[in-house]
Amino acid sequence: MILKKMIISQFKSIRKPIEIDFSQNLICFVGKNGSGKTNILRSIKQFFSKDHYNNDFASYKLIYELNDDEIKNFSDEVEFDKEMRIVEVETSYSDFRATRVKAKIHELSISKWENQLNSLKNKVIDNFDKYYRELNEITIEEIRKKNQFNSRFDIIAASSFYDYELNSNNSKIKLAEITHTLEKFMAENFKKGTININYDEIQSMPYLYIPNLKVLSKESVYMDPLLASFSNINYDEYDKTIDGINRKLEVYYNNAKKALDEFKQIVQKIHRIFSNRLNDFYDEHDKKNKKYNSFLELIKSTINYDALYLDNESTLLFQSTNDYYNRKTDGNNIIYRCATKYLKTNGILQQGEDIKDLNNISDKRKNQIKTQINKYLASIVPLFDKDRIISLTAILSEDGKTFLYRIKEKNGVDIPLESTSLGRRWYLSYIFLKNSMEVDDIIIIDEPASFLHPDAQKQILLDLIELSKTNKVIYCTNSIDMIPSNLESYYFVDVDDTGSIVKHITISNPTSIINDIGTNTYKELIINKSVVFLLVEGKSDKALFETYMKILKVDMSKYHVYSLGGAGNAKIIYNFLKQSRTTFKVILDADTKSKFISLDEIDSNHKILVGIDSEEKSLEGLLYGEDRTKYMRKKKVNENLVCKATKLTDFTDTTLEALNKIFIELGIIDRDLKPV
């Protein structure tokens with residue numbers, strides 16, 4: 001069984017459901033700060049976490065794909081799309097297991113009683129309606145009219161008959177109570193177009209107060225015998241009238257009561273069936289239910305991953321901290337796990353030995369173990385930091401009971417591991433976390449680029465790509481350097497009045513990533529493909545290029561100088577322009593090794609390094625002497641001053657010579673310094 005999709009809703013800023021394709025092993029969320037990327041990662045982490053100590057509970061729906069054996073085993077109990085082999089599962093927070101699926105076992109439903117119950121409901125309401133209406137019509141005037149009493153009958157005291165002269169409003173209220181109760185019961189248990197399959201919560205038949213049958217006694221109308229002797233009343237007709245009224249009342253009342261009793265019996269039957277307690281007839285249903293529960297257990301096993309979470313403040317892995325419930329968390333726990341795993345894998349740690357408690361280990365063994373731990377620590381020093389770090393080492397604490405971890409740098413600094421820089425602590429946290437993972441564990445990383453140099457970002461990205469071959473890697477970023485060039489799709493996270501919204505975007509060209517992250521857009525690059533684009537790193541580079549070209553009287557309509565907004569965007573924009581068949585050159589400073597890595601992917605016809613022969617190996621390095629003093633400000637070209645230059649004499653000969661060399665190489669001017 002494979003988890004194909006997860007649909008999350010009702011978690012902090014996630015109000016509308018968002019759908020995530022879990023068939024991919026590398027899942028990337030892109031978006032601006034505050035869009036809700038972190039909330040998405042935390043909701044995923046909460047789902048897979050074994051400990052759920054959080055006050056914010058999300059709702060989840062899972063989409064699974066079944067294999068042939070699973071379809072064969074559960075086809076009688078579970079409904080699924082046979083073509084797609086898909087089954088939908090909802091989960092609850094209580095234990096994070098599936099609680100509801102489309103299951104055939106639940107189709108032993110109350111639907112087959114729906115028409116019968118509706119018919120009985122109508123019969124109850126109709127007969128009580130007639131019964132109350134008939135009671136309402138019983139008046140002295142009606143009796144007199146039916147028996148043709150003379151006017152002298154008006155003097156009769158009829159107080160004993162008053163109970164049957166019912167107020168019509170009271171009758172309507174009683175009938176409305178019965179009608180509302182029955183219709184509400186039907187509406188709650190037989191939803192229009194669907195069947196309510198929450199049978200554990202099926203509505204019980206509410207108590208209905210039905211008054212005892214009221215009939216009219218012949219003694220209800222009392223007449224003094226002396227007065228009666230003067231009347232021409234026909235007592236036989238009077239008795240017949242009373243009997244006729246009572247027959248109607250009894251028929252309507254008994255019909256209503258009988259229908260109501262049948263209604264209640266069917267409701268009780270439904271309860272017996274779905275409680276599976278009182279009727280042996282449903283043994284087969286019990287068997288199916290057990291099989292259905294085994295299906296739920298199978299689902300539970302598929303979501304029982306260990307999710308390791310690393311946020312952009314997780315450098316606290318090196319410190320002792322209190323969690324949400326003020327429980328002490330061992331800061332060295334992750335290092336302990338990694339070192340222990342390494343020692344056990346290599347057969348170094350003997351049975352009964354624990355590097356967290358060295359009390360029962362001899363000094364000789366402690367030193368042997370320490371040597372092996374140091375060997376492990378030496379293997380995790382990042383490539384981009386090898387020129388600065390001499391060693392990561394484990395040392396014995398003063399009491400000799402445990403190991404402490406330190407970092408020694410080439411500049412002579414020797415400090416505890418938790419006291420090194422934020423970026424380095426984050427990277428080491430990531431390495432320890434990664435090395436503690438088992439196959440199929442999930443690693444969730446929030447903003448891996450927050451504290452890292454571009455070189456480190458590239459190293460992390462390569463690491464994540466490699467890790468995704470065996471584990472599921474989920475992360476969010478707003479850095480171009482953290483998005484793989486071969487990524488097929490990503491999730492763009494935005495926010496509107498309804499909360500966080502997510503779009504699953506297939507990458508047809510790199511433009512979408514640039515736009516979604518919020519870096520420079522490509523509108524300038526799309527307007528005119530007939531010009532030659534000169535891509536420089538920043539705005540000051542752009543100002544220097546444009547000013548020099550104007551001084552040389554280069555036809556600016558043939559060129560467009562474009563600021564990349566940072567060298568990190570060079571690779572993406574290069575791919576975009578190459579696909580759009582535009583003529584262009586990428587001009588980057590030769591100041592860091594990362595530029596060479598970026599340029600390795602760029603065709604030699606489209607690239608040029610500036611400042612190779614300069615001490616600073618940058619565009620700023622082309623400025624010499626007075627120009628350097630005049631135009632430089634905090635190691636950046638002062639673009640406002642450069643733009644004021646209008647003639648060659650505004651630059652020194654040495655600066656012009658350096659600029660000429662670059663522009664000749666670019667093919668903008670020839671060796672005679674004339675525009676090409």
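Glu 447 counts as buried in this predicted model, at 9% relative accessibility. The residue sits in the loop between strand S13 (442-446) and helix H12 (454-467). Its backbone is worth a look too: phi of Glu 447 is near 50°, a positive value in a residue other than glycine. For background, most residues other than glycine have a negative phi.

Gln 10 is another non-glycine residue with a positive phi, here about 55°. It belongs to the loop between S1 and strand S2 (18-21). Is Gln 10 buried or partly exposed? Gln 10 is partly exposed, because its relative accessibility is 48% and that label covers the range from 20% to 50%.

Just before it in the chain comes Ser 9, which lies in strand S1 (residues 2-9). Ser 9 is buried, with a relative accessible area of 14%. Once neighbours within four places in sequence are set aside, Ser 9 is in contact with Ile 14, Arg 15, Lys 16, Pro 17, Ala 58 and Ser 59.

**The chain as a whole**

Stepping back, the chain has 20 helices and 22 strands. It runs to 676 residues, and buried residues make up 46% of them. Its accessible surface comes to about 36200 Å², and carbon and sulfur atoms account for 47% of that. Among contacts with a separation of 6 or more, 66% are between residues 24 or more positions apart.

**Pairs brought together across the sequence**

Here are four pairs, with their separation along the chain and their distance in space.

| Pair | Apart in sequence | C-alpha to C-alpha distance |
|---|---|---|
| Phe 492 and Gly 31 | 461 residues | 5.7 Å |
| Glu 639 and Ala 543 | 96 residues | 5.5 Å |
| Pro 382 and Ile 460 | 78 residues | 9.6 Å |
| Ile 178 and Tyr 207 | 29 residues | 10.0 Å |

Now for the settings of these residues. Phe 492 lies in strand S15 (residues 489-496) and counts as buried at 12% relative accessibility.

Pro 382 is in a loop, the one between helix H10 (363-378) and strand S10 (389-396). Despite the loop setting, Pro 382 counts as buried, at 3% relative accessibility.

Ile 178 has its place in helix H5 (residues 168-189), and it is buried with a relative accessible area of 1%. What does Ile 178 touch, not counting residues up to four places away in sequence? The list is Val 124, Phe 128, Leu 208 and Ile 210.

Glu 639 lies in helix H19 (residues 639-643). This one is partly exposed, with a relative accessible area of 31%. Leaving aside its neighbours within four places in sequence, Glu 639 is in contact with Lys 539, Ser 540 and Ala 543.

**Two crossing helices**

How do helix H15 (residues 539-551) and helix H20 (residues 653-666) meet? Their axes come within 12 Å and cross at roughly 90°. An angle from 65 to 115 degrees counts as roughly perpendicular, and H15 and H20 are therefore roughly perpendicular to each other.

On the H15 side, the residues in the contact are Leu 544, Phe 545, Tyr 548 and Met 549. H20 meets them with Leu 656, Leu 659, Asn 660, Ile 662, Phe 663 and Leu 666. Sorted by class, the contact of H15 with H20 has nine nonpolar residues, one polar and no charged ones.

**Cysteines**

How many disulfides does a search of the whole structure find? The count is zero. A disulfide is a covalent bond between the sulfur atoms of two cysteines. Take Cys 476: the nearest cysteine sulfur belongs to Cys 28 and is 8.2 Å away. The cut-off for a disulfide is sulfur atoms within 2.5 Å, so Cys 476 is in no disulfide.

Cys 476 counts as buried, at 0% relative accessibility. Cys 338 counts as buried as well, at 2% relative accessibility. Both labels apply because buried means under 20% relative accessible area.

Technical notes
Residues numbered from 1 in each chain as written. Predicted model: local features only at pLDDT ≥ 70, side-chain atom pairs only at ≥ 80, totals over all residues. Heavy atoms only, no water. Helix = DSSP H or I, 4+ residues; strand = E, 2+ residues; numbered from the N terminus. Buried < 20%, exposed > 50% of the residue type's maximum accessible area, 1.4 Å probe, protein only. Contact = heavy atoms within 4.5 Å. Areas by Shrake-Rupley, 256 points an atom, 1.4 Å probe, with all protein chains shown as cover. Axes fitted to C-alpha atoms, helices over the stretch in contact; angles between N-to-C directions. Parallel < 35°, antiparallel > 145°, perpendicular 65-115°, else oblique. Nonpolar A, V, L, I, M, F, W, Y, C, P; charged D, E, K, R; others polar.
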